[in-house]
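Subject: Structure handover

Hi,

Here is the structure I promised to pass on. Please open it before you read the notes underneath.

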Amino acid sequence: MILLLYHMVCSSVLFLSTGFETVQDEKVYTVSEVSTKPEPLMGQHTFQKKWSSKVAYPGDAIKEKVEGMVYIEFVVDKDGSIRDAAVRSGLGFGCDEAALEGFKEVSKDAWRPGVKNDLPVKVKMVLPFQFRIIKM
């Protein structure tokens, strides 16, 4: 009888710990919660340059002299792929769409995933894209 009770307790603990790992496995962390933050394999500087080259300043935004930041929010998955990219806050006048489409195009290249407890994890990030009219 004692042996049966012990087995039931151990099985419950094993079940609970397995369930916990599954929940942890699906958690999306913030940058401040991981020991190593995600980054593009090409490096942040090169990524920013490529992203800028993919974005055309919308004509309406130039006409209205719209300048400022568009913030793109996304998740870097455990395998380094990007998902759920969306505009977190934007400027309008076509800037939001232009920045997001450019980001998606450049983000087809892989990223290094975030790391927590020596394991790759999903990490939510936000990156800014600046629109600035350069006067010549």
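Below is what I found in it, strand by strand.

Note that this is a predicted model.

Start with the pairing. Strand β3 covers residues 68–76 and pairs with β7 in the antiparallel sense, over nine bridges. One pair to look at is methionine 69, whose bridge partner in β7 is glutamine 130.

β3 also pairs with strand β4, residues 82–89. That pairing is antiparallel too, with five bridges. Here tyrosine 71 stands opposite serine 89 of β4. β3 and β4 make a hairpin, and five residues lie between them. Glycine 80 sits in the turn and has a positive phi of about 90 degrees.

Next, β7, which runs over residues 119–131. Two of its residues are worth a look: lysine 122 and valine 126.

Is lysine 122 buried or exposed? Lysine 122 counts as buried, because its relative accessibility is 9% and the cut-off for buried is under 20%. Its side chain has a polar contact with the side chain of glutamate 26, at 3.0 Å.

Valine 126 has a relative accessible area of 31%, so it is partly exposed. It belongs to a nonpolar surface patch with Met69 and Tyr71. Together, Met69, Tyr71 and Val126 have about 210 Å² of accessible area. The patch therefore draws on both paired strands: Val126 comes from β7, while Met69 and Tyr71 fall within residues 68–76 of β3.

Best wishes

Definitions and conventions: Residues numbered from 1 in each chain as written. Predicted model: local features only at pLDDT ≥ 70, side-chain atom pairs only at ≥ 80, totals over all residues. Heavy atoms only, no water. Helix = DSSP H or I, 4+ residues; strand = E, 2+ residues; numbered from the N terminus. Buried < 20%, exposed > 50% of the residue type's maximum accessible area, 1.4 Å probe, protein only. Polar contact = N/O pair within 3.5 Å; in protein donor to acceptor, adjacent residues only side chain to side chain. Patch = residues over 30% accessible without salt bridge, like charges linked within 9 Å, V, L, I, M, F, W, Y side chains within 5 Å. Areas by Shrake-Rupley, 256 points an atom, 1.4 Å probe, with all protein chains shown as cover. Salt bridge = Lys/Arg side-chain N within 4 Å of Asp/Glu carboxyl O. Pairing = 2+ DSSP bridges.
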